[in-house]
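Student: I am new to this structure. Could we go through it step by step?

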Amino acid sequence: MDIGSGLALSTPLAIGFAALGCGIGLGIAVGRALDAIARQPEASGKIMTTMIIGAALIEALTIY
């Protein structure tokens, strides 16, 4: 296998693994935020704000 073929195969795989990891992380973050809101509904505003900022950072990792 030459360099061009290796890059043509490895680049989409690397992007796919990065997206998979970010998707799993985002799912865990949202799940934990929902658990926290279920335990303390009065703190839902702070929890949602923090979760949205965290989700934006996770999505930024996927873009980079």
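Tutor: Gladly. Keep in mind that this is a predicted model. We start with what covers the buried residues of α1.

Student: What element is included in that cover of α1?

Tutor: α1 has buried residues, namely C22, L26, A33 and I37. Part of their cover comes from a helix at residues 44–63. That helix is α2.

Student: How far apart are the end C-alpha atoms of helix α1, and why does that agree with its 37 residues?

Tutor: Helix α1 runs over residues 3–39. At 1.5 Å a residue, its 37 residues should span 54 Å. The value in the model agrees with that: the end C-alpha atoms are 53 Å apart.

Student: Which residues form the largest nonpolar core?

Tutor: This core has 5 residues. The elements that give two or more residues to it are α1 and α2. In soluble globular proteins, nonpolar side chains tend to be buried together. The core residues here are A33, I37, A43, I47 and M51.

Student: Which residues does I47 contact, leaving aside its neighbours within four places in sequence?

Tutor: I47 belongs to the largest nonpolar core. A contact needs heavy atoms within 4.5 Å. By that cut-off, the partners of I47 are A33, A36, I37 and Q40.

Student: Which residues form the nonpolar patch on the surface?

Tutor: Together they have about 800 Å² of accessible area. Two of the patch residues, I24 and I28, have their place in helix α1: I24 is there, and I28 is too. The full patch is M1, L9, L13, F17, L20, I24 and I28.

Student: Why does I28 count as partly exposed?

Tutor: Buried means under 20% relative accessible area, and exposed means over 50%. Partly exposed lies in between. I28 gets that label because its relative accessibility is 46%.

Student: Is I24 buried, exposed or partly exposed, and how far is its C-alpha atom from that of M48?

Tutor: I24 has 48% relative accessibility, so it counts as partly exposed. I24 and M48 are 24 residues apart along the chain. Their C-alpha atoms are separated by 19 Å.

Student: What separates the C-alpha atoms of I15 and I63?

Tutor: I15 is found in helix α1. I15 is exposed, because its relative accessible area is 55%. Along the chain, I15 and I63 are 48 residues apart. Their C-alpha atoms are separated by 9.4 Å.

Student: Is T50 buried or exposed?

Tutor: T50 has its place in helix α2. The cut-off for exposed is over 50%. With a relative accessible area of 54%, T50 is therefore exposed.

Note on methods: Residues numbered from 1 in each chain as written. Predicted model: local features only at pLDDT ≥ 70, side-chain atom pairs only at ≥ 80, totals over all residues. Heavy atoms only, no water. Helix = DSSP H or I, 4+ residues; strand = E, 2+ residues; numbered from the N terminus. Expected span 1.5 Å × (residues − 1). Buried < 20%, exposed > 50% of the residue type's maximum accessible area, 1.4 Å probe, protein only. Patch = residues over 30% accessible without salt bridge, like charges linked within 9 Å, V, L, I, M, F, W, Y side chains within 5 Å. Areas by Shrake-Rupley, 256 points an atom, 1.4 Å probe, with all protein chains shown as cover. Salt bridge = Lys/Arg side-chain N within 4 Å of Asp/Glu carboxyl O. Core = buried A, V, L, I, M, F, W, Y, C linked by side-chain atoms within 4.5 Å.
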